[in-house]
Amino acid sequence: MMDLQNQSIKVEGGVDDGARRNTLRKELITTIIEGVTTPYEGFLRTVQNSGDLPCLGTRGGPENKYQWITYKEVNDRATNLGSGLVHLGCEPSQKTFVGIYGPNCVEQMGSNNPQERNPGRPEDTMTVCYTSGTTGTPKGAMLSHGNINAGIAGIQVQYEESGLQMIEGDCMISYLPLAHMYERLAQAMCFLNGVKIGFFRGDVKLLLDDIQELKPTIFPSVPRLLTRVYDKVMAQVSQSKLKSWLFNRALTSKEADLKKGIIRGDTIWDRTVFKRIKMALGGNVRLIVTGAAPLSAKVMTFLRCTMGVCCVVEGYGQTESTAAATITFPKDTSVGHVGAPIPSNQIKLVDVPEKECYAKDGKGEICIKGPTVFQGYLKAPEKTAETVDKDQWLHTGDIGEWLPNGTLKIVDRVKHIFKLAQGEYVAPEKIENVYLRSTLVAQAFVHGDSLRSFVVAIIVPDQEVLEPWARSTKIQGDFAELCENEEVRKAIMEDMTKKGKEGNLSSFEQVKEIHLHNELFSVENGFLTPTFKTKRALVANAFEQKFLELYEKVDKRMQYVRSTSFEIQQVV
(Lines give C-alpha, C1' and ligand atoms only; values in the text may rest on other atoms or scores of the structure.)
Protein backbone atom coordinates (compact mmCIF):
# COMPACT_ATOMS: atom_id res chain seq x y z
CA MET A 1 0.00 0.00 0.00
CA MET A 2 1.22 3.49 -0.85
CA ASP A 3 2.58 5.58 2.04
CA LEU A 4 0.99 8.96 1.22
CA GLN A 5 3.75 10.79 3.08
CA ASN A 6 6.49 9.00 1.12
CA GLN A 7 5.25 8.47 -2.44
CA SER A 8 8.63 8.47 -4.18
CA ILE A 9 12.24 7.83 -3.14
CA LYS A 10 15.68 8.31 -4.65
CA VAL A 11 16.78 5.57 -7.02
CA GLU A 12 19.20 3.22 -5.29
CA GLY A 13 22.77 2.83 -6.59
CA GLY A 14 24.38 4.35 -9.62
CA VAL A 15 25.25 8.01 -10.09
CA ASP A 16 23.64 10.29 -7.54
CA ASP A 17 21.75 12.47 -10.01
CA GLY A 18 18.69 12.88 -7.81
CA ALA A 19 16.45 10.58 -9.87
CA ARG A 20 13.37 9.37 -8.01
CA ARG A 21 11.05 6.40 -8.48
CA ASN A 22 7.64 5.31 -7.23
CA THR A 23 7.72 3.46 -3.90
CA LEU A 24 5.25 0.80 -5.08
CA ARG A 25 7.81 -1.00 -7.29
CA LYS A 26 11.61 -1.19 -7.04
CA GLU A 27 12.12 -2.16 -10.68
CA LEU A 28 10.52 -0.29 -13.58
CA ILE A 29 7.60 -2.27 -14.94
CA THR A 30 6.68 -2.86 -18.58
CA THR A 31 3.44 -4.85 -18.24
CA ILE A 32 0.56 -5.33 -15.83
CA ILE A 33 -0.28 -8.89 -16.95
CA GLU A 34 2.36 -11.59 -17.39
CA GLY A 35 2.68 -12.62 -21.04
CA VAL A 36 1.02 -9.44 -22.35
CA THR A 37 3.83 -7.45 -24.00
CA THR A 38 1.82 -5.24 -26.40
CA PRO A 39 -1.59 -3.53 -26.33
CA TYR A 40 -2.70 -5.82 -29.17
CA GLU A 41 -1.96 -8.90 -27.08
CA GLY A 42 -3.95 -7.31 -24.27
CA PHE A 43 -6.90 -6.73 -26.62
CA LEU A 44 -6.77 -10.33 -27.90
CA ARG A 45 -6.77 -11.55 -24.30
CA THR A 46 -10.01 -9.66 -23.70
CA VAL A 47 -11.50 -11.01 -26.95
CA GLN A 48 -10.68 -14.55 -25.82
CA ASN A 49 -12.02 -14.11 -22.30
CA SER A 50 -14.90 -11.68 -22.87
CA GLY A 51 -15.55 -11.55 -26.61
CA ASP A 52 -19.32 -11.14 -26.25
CA LEU A 53 -19.08 -8.04 -24.02
CA PRO A 54 -19.93 -4.66 -25.59
CA CYS A 55 -16.83 -2.82 -26.77
CA LEU A 56 -17.58 0.26 -28.89
CA GLY A 57 -20.82 2.25 -29.01
CA THR A 58 -22.29 5.16 -30.96
CA ARG A 59 -25.56 7.05 -30.58
CA GLY A 60 -28.30 6.45 -33.13
CA GLY A 61 -31.03 3.97 -33.92
CA PRO A 62 -34.38 3.80 -32.10
CA GLU A 63 -34.87 6.69 -29.67
CA ASN A 64 -31.29 7.78 -30.29
CA LYS A 65 -29.92 5.15 -27.92
CA TYR A 66 -26.35 3.87 -27.92
CA GLN A 67 -25.80 0.93 -30.27
CA TRP A 68 -22.97 -1.47 -29.38
CA ILE A 69 -20.63 -3.89 -31.14
CA THR A 70 -18.84 -6.58 -29.14
CA TYR A 71 -15.15 -7.18 -28.61
CA LYS A 72 -15.34 -10.13 -31.02
CA GLU A 73 -16.99 -7.94 -33.66
CA VAL A 74 -14.37 -5.22 -33.19
CA ASN A 75 -11.64 -7.84 -33.58
CA ASP A 76 -13.23 -9.08 -36.80
CA ARG A 77 -13.51 -5.53 -38.14
CA ALA A 78 -9.90 -4.75 -37.23
CA THR A 79 -8.71 -7.96 -38.90
CA ASN A 80 -10.73 -7.14 -42.01
CA LEU A 81 -9.35 -3.61 -42.10
CA GLY A 82 -5.77 -4.88 -41.85
CA SER A 83 -6.42 -7.52 -44.50
CA GLY A 84 -7.90 -4.86 -46.77
CA LEU A 85 -4.87 -2.61 -46.41
CA VAL A 86 -2.51 -5.51 -47.17
CA HIS A 87 -4.67 -6.46 -50.18
CA LEU A 88 -4.33 -2.87 -51.45
CA GLY A 89 -0.55 -3.16 -51.31
CA CYS A 90 0.40 -1.95 -47.83
CA GLU A 91 3.26 -4.15 -46.72
CA PRO A 92 3.03 -4.95 -42.98
CA SER A 93 6.41 -3.61 -41.90
CA GLN A 94 8.07 -0.86 -39.90
CA LYS A 95 8.47 1.14 -43.13
CA THR A 96 4.75 1.36 -43.93
CA PHE A 97 2.70 4.21 -42.44
CA VAL A 98 -1.07 4.60 -42.66
CA GLY A 99 -2.78 7.82 -41.61
CA ILE A 100 -6.37 7.99 -40.38
CA TYR A 101 -8.19 11.33 -40.51
CA GLY A 102 -11.62 11.45 -38.92
CA PRO A 103 -13.64 12.01 -35.75
CA ASN A 104 -13.77 9.64 -32.79
CA CYS A 105 -15.88 6.77 -34.19
CA VAL A 106 -16.22 2.97 -34.51
CA GLU A 107 -15.42 2.68 -38.25
CA GLN A 108 -12.00 1.85 -40.28
CA MET A 109 -12.55 -3.77 -47.44
CA GLY A 110 -10.80 -6.92 -46.14
CA SER A 111 -13.44 -9.58 -45.35
CA ASN A 112 -13.21 -11.03 -48.87
CA ASN A 113 -9.41 -11.03 -48.87
CA PRO A 114 -8.21 -12.39 -45.51
CA GLN A 115 -4.50 -12.06 -44.80
CA GLU A 116 -2.16 -13.66 -42.30
CA ARG A 117 -1.80 -11.69 -39.06
CA ASN A 118 1.56 -10.06 -38.50
CA PRO A 119 1.40 -8.47 -35.03
CA GLY A 120 4.03 -6.01 -33.86
CA ARG A 121 6.72 -6.75 -31.30
CA PRO A 122 7.24 -4.60 -28.17
CA GLU A 123 10.14 -2.75 -29.79
CA ASP A 124 8.25 -2.04 -33.05
CA THR A 125 6.68 1.35 -33.69
CA MET A 126 2.96 1.17 -33.02
CA THR A 127 1.97 4.74 -33.82
CA VAL A 128 3.31 8.13 -34.83
CA CYS A 129 1.54 10.65 -32.64
CA TYR A 130 1.97 14.31 -33.39
CA THR A 131 2.68 16.84 -30.66
CA SER A 132 0.34 19.75 -30.09
CA GLY A 133 2.51 22.29 -31.88
CA THR A 134 1.87 25.09 -29.40
CA THR A 135 5.28 26.67 -30.08
CA GLY A 136 5.97 25.58 -33.65
CA THR A 137 5.40 22.88 -36.26
CA PRO A 138 4.04 19.63 -34.73
CA LYS A 139 6.55 16.77 -34.56
CA GLY A 140 5.73 13.08 -35.10
CA ALA A 141 6.63 11.17 -31.95
CA MET A 142 7.27 7.48 -32.68
CA LEU A 143 5.83 5.31 -29.92
CA SER A 144 6.36 1.56 -29.71
CA HIS A 145 4.00 -1.20 -28.62
CA GLY A 146 6.19 -1.52 -25.55
CA ASN A 147 5.93 2.19 -24.75
CA ILE A 148 2.15 2.05 -24.61
CA ASN A 149 2.09 -1.27 -22.75
CA ALA A 150 4.39 0.20 -20.09
CA GLY A 151 2.25 3.33 -19.81
CA ILE A 152 -0.85 1.23 -19.18
CA ALA A 153 0.99 -0.84 -16.58
CA GLY A 154 2.31 2.17 -14.69
CA ILE A 155 -1.10 3.79 -14.31
CA GLN A 156 -2.97 0.58 -13.56
CA VAL A 157 -0.59 -0.34 -10.73
CA GLN A 158 -1.41 3.01 -9.11
CA TYR A 159 -5.14 2.33 -9.46
CA GLU A 160 -5.04 -1.26 -8.23
CA GLU A 161 -2.84 -0.50 -5.22
CA SER A 162 -5.53 1.93 -4.07
CA GLY A 163 -8.30 -0.63 -4.54
CA LEU A 164 -9.59 0.93 -7.76
CA GLN A 165 -10.28 -1.91 -10.20
CA MET A 166 -11.68 -1.69 -13.73
CA ILE A 167 -14.60 -4.10 -13.77
CA GLU A 168 -17.12 -5.63 -16.17
CA GLY A 169 -19.81 -3.04 -16.79
CA ASP A 170 -17.45 -0.06 -16.67
CA CYS A 171 -17.98 2.45 -19.47
CA MET A 172 -15.85 5.35 -20.75
CA ILE A 173 -17.05 8.37 -22.72
CA SER A 174 -14.78 9.17 -25.68
CA TYR A 175 -14.71 12.80 -26.81
CA LEU A 176 -11.08 13.88 -26.45
CA PRO A 177 -9.11 13.69 -29.74
CA LEU A 178 -7.87 10.22 -30.66
CA ALA A 179 -4.99 11.93 -32.45
CA HIS A 180 -3.41 12.49 -29.04
CA MET A 181 -1.86 9.99 -26.65
CA TYR A 182 -3.99 10.90 -23.64
CA GLU A 183 -7.14 9.47 -25.23
CA ARG A 184 -5.24 6.69 -27.04
CA LEU A 185 -3.74 5.44 -23.79
CA ALA A 186 -7.10 5.61 -22.02
CA GLN A 187 -8.74 3.50 -24.72
CA ALA A 188 -5.89 0.96 -24.77
CA MET A 189 -6.35 0.52 -21.02
CA CYS A 190 -10.09 -0.03 -21.56
CA PHE A 191 -9.40 -2.72 -24.19
CA LEU A 192 -7.08 -4.55 -21.80
CA ASN A 193 -9.74 -4.59 -19.10
CA GLY A 194 -12.88 -5.29 -21.12
CA VAL A 195 -14.34 -1.81 -20.58
CA LYS A 196 -16.83 -0.49 -23.15
CA ILE A 197 -16.27 2.87 -24.87
CA GLY A 198 -19.11 5.13 -25.98
CA PHE A 199 -18.33 7.83 -28.54
CA PHE A 200 -19.90 11.27 -28.36
CA ARG A 201 -21.72 12.61 -31.42
CA GLY A 202 -18.89 14.96 -32.39
CA ASP A 203 -20.34 18.20 -31.03
CA VAL A 204 -18.95 19.35 -27.69
CA LYS A 205 -22.11 21.42 -27.13
CA LEU A 206 -24.07 18.14 -27.03
CA LEU A 207 -21.55 16.33 -24.81
CA LEU A 208 -23.57 16.59 -21.59
CA ASP A 209 -26.60 15.16 -23.42
CA ASP A 210 -24.47 12.23 -24.66
CA ILE A 211 -23.22 11.70 -21.11
CA GLN A 212 -26.79 11.63 -19.80
CA GLU A 213 -27.62 8.84 -22.23
CA LEU A 214 -24.38 6.86 -21.82
CA LYS A 215 -24.01 7.25 -18.03
CA PRO A 216 -20.24 6.54 -18.07
CA THR A 217 -18.29 5.32 -15.06
CA ILE A 218 -14.94 6.61 -16.39
CA PHE A 219 -14.58 10.23 -17.46
CA PRO A 220 -11.22 11.42 -18.88
CA SER A 221 -11.19 15.20 -19.08
CA VAL A 222 -9.08 18.34 -19.36
CA PRO A 223 -8.89 21.39 -17.06
CA ARG A 224 -10.67 23.75 -19.46
CA LEU A 225 -13.81 21.60 -19.43
CA LEU A 226 -13.75 20.90 -15.69
CA THR A 227 -13.17 24.58 -14.96
CA ARG A 228 -16.20 25.44 -17.10
CA VAL A 229 -18.29 23.03 -15.03
CA TYR A 230 -17.03 24.72 -11.86
CA ASP A 231 -17.70 28.23 -13.20
CA LYS A 232 -21.21 27.32 -14.33
CA VAL A 233 -22.12 25.82 -10.96
CA MET A 234 -20.68 28.75 -9.02
CA ALA A 235 -22.45 31.27 -11.27
CA GLN A 236 -25.81 29.56 -10.67
CA VAL A 237 -25.19 29.34 -6.93
CA SER A 238 -24.23 33.02 -6.65
CA GLN A 239 -27.64 34.14 -7.95
CA SER A 240 -29.21 33.39 -4.57
CA LYS A 241 -27.84 34.31 -1.14
CA LEU A 242 -29.51 31.24 0.37
CA LYS A 243 -28.13 28.91 -2.31
CA SER A 244 -24.69 30.45 -1.94
CA TRP A 245 -24.71 30.07 1.85
CA LEU A 246 -25.94 26.48 1.69
CA PHE A 247 -23.52 25.48 -1.06
CA ASN A 248 -20.49 27.00 0.66
CA ARG A 249 -21.46 25.35 3.94
CA ALA A 250 -21.69 22.00 2.15
CA LEU A 251 -18.28 22.55 0.50
CA THR A 252 -16.70 23.49 3.83
CA SER A 253 -18.07 20.36 5.49
CA LYS A 254 -16.89 18.02 2.74
CA GLU A 255 -13.50 19.75 2.49
CA ALA A 256 -12.97 19.17 6.21
CA ASP A 257 -13.55 15.45 5.61
CA LEU A 258 -11.07 15.45 2.72
CA LYS A 259 -8.37 17.03 4.89
CA LYS A 260 -8.82 14.08 7.26
CA GLY A 261 -8.48 11.66 4.34
CA ILE A 262 -12.19 10.78 4.44
CA ILE A 263 -13.80 10.16 1.04
CA ARG A 264 -17.53 9.51 1.24
CA GLY A 265 -20.70 10.07 -0.72
CA ASP A 266 -23.43 9.40 1.84
CA THR A 267 -23.64 12.71 3.70
CA ILE A 268 -26.71 14.92 3.70
CA TRP A 269 -24.83 17.27 1.39
CA ASP A 270 -24.29 14.46 -1.16
CA ARG A 271 -27.99 13.57 -1.12
CA THR A 272 -29.19 17.15 -1.47
CA VAL A 273 -26.80 19.94 -2.49
CA PHE A 274 -24.39 17.95 -4.67
CA LYS A 275 -26.81 15.46 -6.24
CA ARG A 276 -27.58 17.57 -9.33
CA ILE A 277 -23.87 18.00 -10.12
CA LYS A 278 -23.28 14.25 -10.03
CA MET A 279 -26.36 13.64 -12.16
CA ALA A 280 -25.11 16.17 -14.75
CA LEU A 281 -22.30 13.67 -15.46
CA GLY A 282 -24.74 10.77 -15.68
CA GLY A 283 -24.80 9.79 -12.01
CA ASN A 284 -22.45 6.77 -12.33
CA VAL A 285 -18.98 8.33 -12.68
CA ARG A 286 -16.50 6.71 -10.28
CA LEU A 287 -13.24 7.90 -11.89
CA ILE A 288 -12.39 11.33 -13.30
CA VAL A 289 -8.92 11.72 -14.80
CA THR A 290 -7.61 15.14 -15.80
CA GLY A 291 -4.47 15.96 -17.72
CA ALA A 292 -2.94 17.92 -20.64
CA ALA A 293 -2.64 21.10 -18.50
CA PRO A 294 -2.64 22.06 -14.80
CA LEU A 295 -5.94 21.97 -12.91
CA SER A 296 -6.36 24.60 -10.22
CA ALA A 297 -6.51 23.45 -6.60
CA LYS A 298 -9.93 25.06 -6.09
CA VAL A 299 -11.48 23.10 -9.00
CA MET A 300 -9.86 19.85 -7.87
CA THR A 301 -11.21 20.34 -4.33
CA PHE A 302 -14.64 21.26 -5.73
CA LEU A 303 -14.79 18.04 -7.76
CA ARG A 304 -13.66 15.85 -4.87
CA CYS A 305 -16.24 17.45 -2.60
CA THR A 306 -19.18 17.32 -5.00
CA MET A 307 -18.57 13.93 -6.66
CA GLY A 308 -18.68 11.84 -3.48
CA VAL A 309 -16.79 8.55 -3.64
CA CYS A 310 -15.73 9.23 -7.24
CA CYS A 311 -11.92 9.27 -7.49
CA VAL A 312 -10.55 12.44 -9.07
CA VAL A 313 -6.92 12.08 -10.18
CA GLU A 314 -4.55 14.32 -12.10
CA GLY A 315 -1.76 13.14 -14.37
CA TYR A 316 1.24 14.83 -15.92
CA GLY A 317 3.22 13.84 -18.99
CA GLN A 318 3.81 14.43 -22.67
CA THR A 319 3.29 12.69 -26.00
CA GLU A 320 6.98 11.79 -25.78
CA SER A 321 6.44 9.98 -22.47
CA THR A 322 3.38 8.07 -23.76
CA ALA A 323 1.05 10.58 -22.09
CA ALA A 324 1.56 9.80 -18.42
CA ALA A 325 4.74 10.29 -16.39
CA THR A 326 3.13 10.92 -13.00
CA ILE A 327 -0.36 10.49 -11.59
CA THR A 328 -1.89 11.29 -8.25
CA PHE A 329 -2.66 8.33 -6.00
CA PRO A 330 -6.46 7.88 -5.93
CA LYS A 331 -6.61 7.93 -2.12
CA ASP A 332 -4.46 11.04 -1.80
CA THR A 333 -6.80 13.97 -1.11
CA SER A 334 -4.11 16.67 -1.03
CA VAL A 335 -3.91 19.21 -3.86
CA GLY A 336 -1.26 21.29 -5.60
CA HIS A 337 0.75 18.46 -7.18
CA VAL A 338 0.57 15.82 -9.95
CA GLY A 339 1.58 12.80 -7.88
CA ALA A 340 4.70 10.64 -7.95
CA PRO A 341 6.43 9.02 -10.95
CA ILE A 342 4.40 6.08 -12.22
CA PRO A 343 6.14 2.70 -11.59
CA SER A 344 7.26 2.50 -15.23
CA ASN A 345 9.59 5.50 -15.21
CA GLN A 346 11.99 7.59 -13.15
CA ILE A 347 12.09 11.37 -12.88
CA LYS A 348 14.91 13.75 -12.06
CA LEU A 349 15.19 17.54 -12.00
CA VAL A 350 18.06 19.39 -13.66
CA ASP A 351 19.28 22.95 -13.11
CA VAL A 352 17.67 25.89 -14.94
CA PRO A 353 20.01 28.74 -13.90
CA GLU A 354 18.18 31.48 -15.82
CA LYS A 355 15.11 30.84 -13.65
CA GLU A 356 17.14 30.28 -10.48
CA CYS A 357 15.92 26.68 -10.22
CA TYR A 358 18.49 24.18 -8.97
CA ALA A 359 18.19 20.43 -8.46
CA LYS A 360 19.97 20.67 -5.10
CA ASP A 361 17.01 22.71 -3.88
CA GLY A 362 14.50 20.24 -5.29
CA LYS A 363 13.59 22.43 -8.28
CA GLY A 364 14.52 22.20 -11.95
CA GLU A 365 13.56 20.98 -15.42
CA ILE A 366 11.64 17.70 -15.31
CA CYS A 367 13.45 14.83 -17.05
CA ILE A 368 11.95 11.36 -17.59
CA LYS A 369 13.61 7.99 -18.18
CA GLY A 370 12.19 4.50 -18.63
CA PRO A 371 10.19 2.22 -20.95
CA THR A 372 7.54 4.89 -21.58
CA VAL A 373 10.00 7.28 -23.28
CA PHE A 374 9.39 7.46 -27.03
CA GLN A 375 11.68 6.20 -29.82
CA GLY A 376 12.29 9.63 -31.34
CA TYR A 377 10.74 12.05 -33.82
CA LEU A 378 9.88 10.76 -37.29
CA LYS A 379 12.51 11.86 -39.83
CA ALA A 380 13.86 14.47 -37.40
CA PRO A 381 16.95 13.09 -35.62
CA GLU A 382 18.19 16.59 -34.81
CA LYS A 383 14.95 17.36 -32.94
CA THR A 384 15.23 14.04 -31.12
CA ALA A 385 18.78 14.91 -30.02
CA GLU A 386 17.52 18.23 -28.65
CA THR A 387 14.92 16.43 -26.53
CA VAL A 388 16.57 13.16 -25.39
CA ASP A 389 20.12 13.35 -24.06
CA LYS A 390 22.92 10.77 -24.41
CA ASP A 391 21.83 9.05 -21.19
CA GLN A 392 18.28 8.63 -22.53
CA TRP A 393 16.67 11.26 -20.31
CA LEU A 394 13.71 13.01 -21.92
CA HIS A 395 13.89 16.75 -21.25
CA THR A 396 10.30 18.00 -20.96
CA GLY A 397 10.75 21.78 -20.91
CA ASP A 398 8.64 21.93 -17.75
CA ILE A 399 9.95 23.06 -14.38
CA GLY A 400 8.98 21.00 -11.36
CA GLU A 401 9.52 20.92 -7.62
CA TRP A 402 9.69 17.91 -5.30
CA LEU A 403 7.34 18.23 -2.34
CA PRO A 404 8.13 16.68 1.07
CA ASN A 405 5.76 13.75 0.46
CA GLY A 406 7.63 12.72 -2.70
CA THR A 407 5.10 14.14 -5.16
CA LEU A 408 5.87 16.52 -8.01
CA LYS A 409 4.55 20.05 -8.37
CA ILE A 410 4.56 21.70 -11.79
CA VAL A 411 5.97 25.19 -11.35
CA ASP A 412 6.58 26.69 -14.74
CA ARG A 413 7.68 26.26 -18.35
CA VAL A 414 11.30 26.63 -19.40
CA LYS A 415 10.55 28.02 -22.85
CA HIS A 416 7.33 30.00 -22.39
CA ILE A 417 9.18 32.86 -20.76
CA PHE A 418 10.34 36.26 -21.87
CA LYS A 419 12.56 38.95 -20.43
CA LEU A 420 11.28 42.45 -19.79
CA ALA A 421 13.29 45.61 -20.40
CA GLN A 422 14.47 45.74 -16.76
CA GLY A 423 15.83 42.18 -17.00
CA GLU A 424 13.03 40.38 -15.13
CA TYR A 425 11.92 36.99 -16.48
CA VAL A 426 8.18 36.50 -16.87
CA ALA A 427 6.30 33.19 -17.24
CA PRO A 428 2.98 34.11 -18.92
CA GLU A 429 1.20 30.81 -18.22
CA LYS A 430 1.83 31.19 -14.49
CA ILE A 431 0.23 34.66 -14.54
CA GLU A 432 -2.68 33.46 -16.67
CA ASN A 433 -3.46 30.66 -14.22
CA VAL A 434 -3.64 33.22 -11.40
CA TYR A 435 -6.02 35.48 -13.32
CA LEU A 436 -8.25 32.53 -14.20
CA ARG A 437 -9.18 32.44 -10.51
CA SER A 438 -11.38 35.46 -11.24
CA THR A 439 -14.92 34.27 -11.89
CA LEU A 440 -15.27 37.00 -14.52
CA VAL A 441 -12.39 35.60 -16.59
CA ALA A 442 -12.85 32.60 -18.91
CA GLN A 443 -9.55 32.85 -20.77
CA ALA A 444 -6.41 34.98 -20.45
CA PHE A 445 -3.41 35.55 -22.71
CA VAL A 446 -0.51 37.53 -21.23
CA HIS A 447 1.92 39.25 -23.59
CA GLY A 448 5.32 40.83 -22.95
CA ASP A 449 8.06 42.54 -24.93
CA SER A 450 11.76 42.83 -24.15
CA LEU A 451 11.53 46.56 -24.95
CA ARG A 452 8.83 47.09 -22.32
CA SER A 453 8.94 46.99 -18.53
CA PHE A 454 5.37 45.67 -18.11
CA VAL A 455 2.92 43.12 -19.51
CA VAL A 456 -0.56 43.39 -21.04
CA ALA A 457 -3.26 40.83 -21.74
CA ILE A 458 -6.17 39.74 -23.91
CA ILE A 459 -9.06 38.63 -21.68
CA VAL A 460 -12.11 36.65 -22.77
CA PRO A 461 -14.74 37.24 -20.06
CA ASP A 462 -16.93 34.41 -18.82
CA GLN A 463 -20.22 35.19 -20.54
CA GLU A 464 -22.32 33.13 -18.11
CA VAL A 465 -20.91 35.11 -15.18
CA LEU A 466 -20.52 38.54 -16.79
CA GLU A 467 -24.08 38.95 -18.08
CA PRO A 468 -25.81 38.35 -14.68
CA TRP A 469 -23.19 40.57 -13.01
CA ALA A 470 -23.88 43.36 -15.53
CA ARG A 471 -27.64 43.13 -14.93
CA SER A 472 -27.09 43.36 -11.17
CA THR A 473 -25.02 46.54 -11.63
CA LYS A 474 -27.52 48.07 -14.14
CA ILE A 475 -25.10 47.88 -17.10
CA GLN A 476 -27.00 47.34 -20.36
CA GLY A 477 -25.99 45.50 -23.53
CA ASP A 478 -25.34 42.08 -25.01
CA PHE A 479 -22.08 40.21 -24.46
CA ALA A 480 -20.25 41.94 -27.34
CA GLU A 481 -21.37 45.35 -26.08
CA LEU A 482 -20.33 44.51 -22.52
CA CYS A 483 -16.84 43.69 -23.77
CA GLU A 484 -16.65 47.22 -25.20
CA ASN A 485 -17.91 48.82 -21.98
CA GLU A 486 -15.25 50.78 -20.07
CA GLU A 487 -16.93 50.20 -16.71
CA VAL A 488 -16.87 46.45 -17.33
CA ARG A 489 -13.22 46.58 -18.35
CA LYS A 490 -12.29 48.45 -15.18
CA ALA A 491 -14.22 46.01 -12.98
CA ILE A 492 -12.52 42.98 -14.55
CA MET A 493 -9.13 44.69 -14.31
CA GLU A 494 -9.69 45.43 -10.60
CA ASP A 495 -10.70 41.83 -9.86
CA MET A 496 -7.70 40.51 -11.77
CA THR A 497 -5.35 42.80 -9.84
CA LYS A 498 -6.90 41.56 -6.60
CA LYS A 499 -6.43 37.93 -7.64
CA GLY A 500 -2.86 38.75 -8.67
CA LYS A 501 -2.06 40.08 -5.21
CA GLU A 502 -3.67 37.04 -3.59
CA GLY A 503 -1.57 34.85 -5.90
CA ASN A 504 1.64 36.68 -4.88
CA LEU A 505 2.38 38.07 -8.33
CA SER A 506 5.21 40.56 -8.40
CA SER A 507 4.42 44.10 -9.54
CA PHE A 508 6.10 43.51 -12.91
CA GLU A 509 3.95 40.37 -13.38
CA GLN A 510 0.67 42.23 -12.89
CA VAL A 511 -0.81 43.29 -16.26
CA LYS A 512 -1.04 47.02 -16.74
CA GLU A 513 -3.76 47.02 -19.40
CA ILE A 514 -6.26 44.57 -20.90
CA HIS A 515 -8.46 44.19 -23.97
CA LEU A 516 -11.74 42.30 -23.65
CA HIS A 517 -12.31 39.88 -26.54
CA ASN A 518 -15.84 38.58 -27.08
CA GLU A 519 -15.04 35.17 -28.64
CA LEU A 520 -13.58 32.21 -26.77
CA PHE A 521 -10.27 30.85 -28.04
CA SER A 522 -11.19 27.48 -29.57
CA VAL A 523 -10.00 24.65 -31.79
CA GLU A 524 -12.39 25.89 -34.48
CA ASN A 525 -10.92 29.41 -34.68
CA GLY A 526 -7.40 27.99 -34.55
CA PHE A 527 -6.33 29.48 -31.22
CA LEU A 528 -6.35 26.16 -29.34
CA THR A 529 -4.83 22.77 -30.10
CA PRO A 530 -7.14 19.70 -30.08
CA THR A 531 -6.12 19.19 -26.42
CA PHE A 532 -7.16 22.79 -25.65
CA LYS A 533 -3.69 24.27 -25.22
CA THR A 534 -3.21 27.84 -26.42
CA LYS A 535 -1.26 28.26 -29.66
CA ARG A 536 0.78 31.12 -28.27
CA ALA A 537 2.57 32.17 -31.48
CA LEU A 538 -0.68 32.26 -33.46
CA VAL A 539 -2.57 34.24 -30.79
CA ALA A 540 0.30 36.71 -30.43
CA ASN A 541 0.31 37.26 -34.19
CA ALA A 542 -3.48 37.60 -34.45
CA PHE A 543 -3.59 40.29 -31.74
CA GLU A 544 -0.34 42.03 -32.70
CA GLN A 545 -2.02 45.36 -33.46
CA LYS A 546 -4.13 45.20 -30.32
CA PHE A 547 -1.04 44.60 -28.16
CA LEU A 548 0.62 47.66 -29.71
CA GLU A 549 -2.45 49.72 -28.82
CA LEU A 550 -2.37 48.45 -25.23
CA TYR A 551 1.35 49.27 -24.89
CA GLU A 552 0.76 52.78 -26.26
CA LYS A 553 -2.14 53.31 -23.88
CA VAL A 554 0.02 52.41 -20.88
CA ASP A 555 2.93 54.52 -22.20
CA LYS A 556 0.70 57.58 -22.49
CA ARG A 557 -0.66 57.02 -19.01
CA MET A 558 2.84 56.70 -17.58
CA GLN A 559 4.00 59.82 -19.46
CA TYR A 560 1.06 61.75 -18.02
CA VAL A 561 1.89 60.57 -14.51
CA ARG A 562 5.55 61.56 -14.94
CA SER A 563 4.70 64.99 -16.36
CA THR A 564 2.17 65.66 -13.61
CA SER A 565 4.68 64.63 -11.00
CA PHE A 566 7.27 66.97 -12.54
CA GLU A 567 4.83 69.90 -12.48
CA ILE A 568 4.04 69.27 -8.82
CA GLN A 569 7.76 69.20 -8.00
CA GLN A 570 8.24 72.51 -9.83
CA VAL A 571 5.46 74.14 -7.84
CA VAL A 572 6.87 72.79 -4.59
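**Note on the predicted model: helix 4, the two cores and the strand pairings**

1. Just after helix 4, G194 takes a positive phi of about 70°. The model is a predicted one, and the points below should be read with that in mind. Helix 4 itself covers residues 181-193. At 1.5 Å a residue, its 13 residues should span 18 Å, and because the C-alpha atoms at its ends are 18 Å apart, the expected and modelled spans agree.

2. Helix 4 is mostly covered, with eleven of its 13 residues buried. Among the buried residues are M181, Y182 and E183 towards one part of the list, and C190, F191 and L192 towards another. E183 and Q187 are also in this buried set, as are L185, A186, A188 and M189.

3. The largest nonpolar core has 93 residues, and those touching the most other members are L56, Y159, I173, F219, F247 and I288. Helix 4 gives the most to this core, contributing nine residues. Leaving aside residues up to four places away in sequence, L56 touches Q67, W68, I69, V74, V106, F191, I197 and F199; one of these, F191, is a buried residue of helix 4. A second core, separate from that one, consists of 30 residues and includes I459, C483, M493 and V511.

4. The chain is divided into domain 1, made up of 24-92 and 123-413, and domain 2, which is 418-570. The centres of the two domains, taken over C-alpha atoms, are separated by 32 Å. Where domain 1 and domain 2 meet, 19 residues of domain 1 are in contact with 22 residues of domain 2.

5. Strand 21, strand 22 and strand 23 form an open sheet in the order 21-22-23, and the pairing within this sheet is mixed. Strand 21 (441-447) and strand 23 (511-516) are the edge strands, each of which pairs on one side only. Neighbouring strands here are turned against each other by 25° on average, with direction ignored. Helix 15 (residues 486-502) packs on the sheet and touches strand 21, strand 22 and strand 23, while its direction makes about 135° with that of strand 23.

6. Within the same sheet, strand 22 (residues 455-461) runs parallel to strand 23, and four bridges join the two. I459 stands opposite L516 in strand 23, and I459 is also included in the second core.

7. Strand 17 (residues 394-402) is mostly covered, since seven of its nine residues are buried, meaning under 20% relative accessible area. Five bridges join strand 17 to strand 15 (residues 363-369), and these two strands run antiparallel; in this pairing I368 stands opposite L394 in strand 17. Five bridges also join strand 17 to strand 18 (residues 408-413), again antiparallel, and the bridge partner of I399 in strand 18 is D412. The hairpin of strand 17 and strand 18 has five residues between the strands, and G406 takes a positive phi near 85° there.

8. Two residues deserve a look at their backbone angles. K215 has a positive phi of about 55° although it is not a glycine, and K215 lies in the loop between helix 5 (207-214) and strand 9 (218-221). Q392, likewise not a glycine, has a positive phi of about 70°, and its place is in the loop between helix 11 (381-387) and strand 17. K215 counts as partly exposed because its relative accessibility is 38%, and Q392 counts as partly exposed because its value is 48%.

Terms used:
Residues are numbered from 1 along each chain as its sequence is written. This is a predicted model: local features need pLDDT of at least 70, side-chain atom pairs count only at pLDDT 80 or more; totals for chains, interfaces and linings use all residues. Side-chain values use heavy atoms; hydrogens and water are left out. Two strands pair if DSSP finds at least two bridges between them. Axes are lines fitted to C-alpha atoms, for helices over the stretch in contact, and angles run from 0 to 180 degrees between N-to-C directions. Contact means heavy atoms within 4.5 Å. A nonpolar core is a set of buried Ala, Val, Leu, Ile, Met, Phe, Trp, Tyr and Cys residues joined through side-chain atoms within 4.5 Å. Buried means under 20% relative accessible area, exposed over 50%, partly exposed in between (1.4 Å probe, protein chains only). The expected span of a helix is 1.5 Å times one less than its number of residues. Domain bounds come from an automatic or database domain assignment.
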